[in-house]
Amino acid sequence: MEATLLGSVFGLSPTSSERLVSNAVFGITAINSVASKTHGGVHQIRKNEDGAMVAKVVENPYSGAETASPDLRKSLSDFLEEARGFVGDDDGPPRWFSPLECAAQAKGSPLLLFIPGIDGTGLGLIRHHKKLGEVFDVWCLHIPVRDRTPAKDLVKFIDRTVKSENHRFPNRPIYLVGESIGACLALDVAARNPNIDLALILANPATHVNNLMSQPLVGMLNVLPYGVPTLLEEIVGFKQGDPLTAMFDALTNELAVHQMSEFGGGILRDLFAVSAHLPTLSRIFPKDTLLWKLELLKSAVASANSHIYAVRAETLILLSGRDQWLLNEEDIDRYSHILPKCIVRKHKDNGHFLFFEEGVDLVSIIKCTCFYRRGKSHDHLSDYIMPTRYELKQQLDDHKLLIDATSPVYLSTLEDGKIVRGLEGIPTEGPVLYVGYHMLLGLELGPMVTQFLKKRNIHLRGLAHPMLFLNGKDAFVDTQMFDKYKIMGGVPVSNFNIFKLLRSKSHVLLYPGGVREALHNKGEEYKLFWPEQPEFVRVASRFGAKIIPFGVVGEDDICDLVLDANDQRNIPILKDFMEEATKKAGNLREGDETELGNQECYAPGLVPKIPGRFYYYFGKPIETAGREQELKDKDKAQEFYLQVKSEVEQCIAYLKMKREIDPYRNLLPRMLYKASHGFSSEIPTFDL
């Protein structure tokens with residue numbers, strides 16, 4: 001077996017000692033360094049020559065994120081190349097292996113067991129190995145081509161591994177990731193182990209075999225001779241070592257693909273990859289193996305459907321919109337209601353082999369569904385995975401139109417009270433609590449959060465309404481529209497989460513006005529809807545957090561609100577939707593008799609305008625260190641709270657006044673400036 005089968009133990013799950021020996025043999029060593037996010041920056045903690053742990057601030061990893069390249073992931077061609085070493089004359093039994101790329105997982109990472117689909121190689125996650133290996137202990141199941149282990153015995157084999165690993169690490173969750181047939185096997189294993197902490201990720205589960213397609217395939221295979229692979233190679237004209245094959249191999253290199261990108265390089269690359277590796281494909285799927293896999297599929301589907309009611313594990317189902325082979329959406333809908341904790345995430349433009357397709361990133365999907373955890377339940381702080389440079393670039397690309405159209409101006413205040421352009425006045429050391437005004441629909445969030453990370457390496461953890469974290473049956477809209485908030489570190493707002501964030505010295509973003517402010521009515525722009533009680537003062541003073549009041553203006557320069565909540569109450573259809581959305585979202589201020597208690601969820605009707613400009617002003621940091629005892633007094637805390645609110649209102653008033661004298665407030669002067677000074681140039685603003 002090839003070296004890629006790192007740590008494989010025939011018929012047995014790999015133990016730690018066996019995996020360690022294999023790692024040593026193949027040149028993998030443990031590195032005594034970890035990255036930790038502290039004080040808003042990224043520090044590298046490592047041992048010095050004396051063995052002592054020292055911390056060193058490293059260069060901002062997000063600087064230059066606009067030009068970040070896609071995460072380097074292997075291609076379909078890589079899969080076919082590596083699969084060549086997996087398809088010899090080996091006839092079994094099934095075994096686990098750990099990919100070399102997955103050897104650097106963080107301490108305490110959960111176990112991920114990958115159960116393959118119809119190919120059986122175990123390389124189905126090859127495009128995701130690198131990122132998965134950073135947050136999981138990854139084992140992949142390899143089922144040799146000639147192996148004829150029935151479905152029930154495969155389930156027993158996986159079941160033994162699950163029980164063994166749960167016994168070794170009882171507090172570590174075990175993820176079962178299965179595609180098609182593998183998803184059915186994973187469901188069976190989960191049904192056998194309702195008391196073990198399992199999390200299922202099922203990609204296009206084979207809940208239903210499409211007889212219209214499978215029966216003709218079986219009939220054709222039964223009448224074709226066993227020399228079909230050879231005949232196929234002769235007909236298509238591809239043989240190993242053939243000059244034409246070599247040409248296709250050359251065409252698949254990165255330079256050629258880049259040169260052909262405007263003609264659909266990705267599609268051509270995959271086409272050439274498949275064509276050049278027809279011998280490998282023919283060895284993965286010989287006639288007798290295909291016939292066996294179809295029988296295996298039928299028995300696995302039947303068994304999974306009969307045991308589905310016994311599954312208690314939380315489940316994430318990834319559903320491709322263009323899978324014509326195995327999927328039945330009615331079955332998936334039934335599964336989502338039967339399984340007690342089920343999320344269904346649809347990928348409408350993808351096909352059956354989801355994990356091989358461009359644009360599908362399993363780790364990002366896990367982040368966006370809050371499905372990653374190291375303990376019994378997901379913790380938005382300790383289980384949070386920082387965005388990669390490429391993920392930040394994607395966020396910048398998503399907000400590029402808004403950022404380019406509004407050319408945001410950022411102002412901050414130094415300790416001596418001097419106002420400067422940029423974020424120089426923002427303290428690097430945490431904890432810091434940013435308290436400000438929430439624009440309509442939170443339009444200010446994207447540009448602000450990405451700017452902090454890109455320019456200052458400060459990661460703002462925004463406290464958001466819990467409705468942004470709803471999944472599955474509880475959601476009233478497509479939850480993928482909220483992915484950006486989860487990728488960038490949003491946390492459900494609660495006193496406990498504020499406490500934990502400040503205790504960890506984080507930079508925390510809080511909008512006391514919440515939904516009522518972000519979904520305000522006509523004529524209410526720049527009006528604060530804050531609660532009467534000083535909710536954040538005492539917890540901030542407990543940890544000596546700096547409080548930075550800030551204001552943002554510009555929403556009235558880019559759109560007009562023409563259909564607000566008051567208007568929609570008079571339209572029956574919209575009224576019903578608004579009431580249902582408000583009910584599902586939940587009102588965090590329920591029982592509050594003031595205007596703040598009126599937190600209705602609705603989709604405002606907007607008319608865009610020729611875009612003006614966004615302005616952000618961060619006031620002078622207000623110290624709470626040493627004032628904990630003082631601010632325990634109710635009156636003192638109230639006075640302090642009103643001071644912060646007044647500072648926010650003054651920030652807004654300052655920006656509204658100063659933007660009137662900004663020669664570049666309107667779009668045309670900004671376009672002319674960029675045309676003459678370069679499109680990457682920073683556009684001036686009013687004098688400070």
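A cavity is a set of grid points where a 1.4 Å probe fits but cannot get out, and its lining residues have an atom within 4 Å of a point. The legends below describe close-up views of a predicted model.

**Figure 1. The second largest cavity and its lining.** The residues that line this cavity are Val515, Arg516, Leu519, Asn521, Ala565, Asn598, Gln599, Glu600 and Tyr602. The enclosed space amounts to about 60 Å³. By class, four of the lining residues are nonpolar, three are polar and two are charged. Arg516, one of the lining residues, also places its charged end over the ring of Phe529, at 4.1 Å from the ring centre.

**Figure 2. The largest cavity and the residues closest to its centre.** The structure contains two cavities of 30 Å³ or more, and the largest has a volume of about 130 Å³. Its lining comprises 16 residues, of which Lys367, Cys370, His378, Tyr384 and Lys486 are the closest to the centre. Seven residues of this lining are nonpolar, four are polar and five are charged. Tyr384 takes part in a further contact: Arg461 lies over the face of its ring, 4.2 Å from the ring centre.

**Figure 3. The tilted aromatic pair of Trp96 and Trp139.** The model has 21 aromatic pairs by the rule applied here. In the pair formed by Trp96 and Trp139, the ring centres are 6.5 Å apart and the planes meet at 55°, a tilted arrangement. Trp96 belongs to strand β4 (residues 95-97) and Trp139 to strand β6 (residues 137-142); the pair thus links distant parts of the chain, 43 residues apart. Trp96 is buried, with a relative accessible area of 0%, and Trp139 is likewise buried, with a value of 1%.

**Figure 4. The edge-to-face pair of Tyr654 and Phe686.** The two ring centres lie 6.5 Å apart and the planes stand at 80°, so the pair is classed as edge-to-face. Tyr654 is located in helix α25 (residues 634-658), whereas Phe686 is in the segment after α26 (667-677); the pair therefore ties together parts 32 residues apart in sequence. Both Tyr654 and Phe686 are buried.

**Figure 5. Helix α17 and an aromatic cluster that includes Phe452.** Helix α17 spans residues 445-456, and its end C-alpha atoms are 16 Å apart, in agreement with the 16 Å expected for twelve residues at 1.5 Å a residue. The helix is mostly covered, with ten of its twelve residues buried. These buried residues are Leu445, Gly446, Pro447, Met448, Val449, Thr450, Gln451, Phe452, Leu453 and Lys454. Phe452 forms one aromatic cluster with Tyr434, Tyr511, Phe550 and Phe618. The residue that follows α17 is Asn457, which has a positive phi near 55°.

**Figure 6. Helix α4 and its buried residues.** Helix α4 (residues 151-168) has 18 residues, which should span 26 Å at 1.5 Å a residue; its end C-alpha atoms are 26 Å apart, so the expected and computed spans agree. The buried residues of α4 are Ala151, Leu154, Val155, Phe157, Ile158, Asp159, Thr161, Val162, Glu165 and Asn166. Among them, Asp159 and Glu165 belong to the charged class.

Technical notes. Residues numbered from 1 in each chain as written. Predicted model: local features only at pLDDT ≥ 70, side-chain atom pairs only at ≥ 80, totals over all residues. Heavy atoms only, no water. 1 Å grid on protein atoms, 1.4 Å probe; cavity = no way out; pocket = protein on both sides within 12 Å on 5 of 7 lines; lining within 4 Å. Points joined across faces, edges and corners; volume = space filled by probe spheres on them. Helix = DSSP H or I, 4+ residues; strand = E, 2+ residues; numbered from the N terminus. Expected span 1.5 Å × (residues − 1). Buried < 20%, exposed > 50% of the residue type's maximum accessible area, 1.4 Å probe, protein only. Phe/Tyr/Trp six-rings, centres within 6.5 Å; stacked < 30°, edge-to-face > 60°. Lys NZ or Arg CZ within 6 Å of the ring centre and 35° of its normal.
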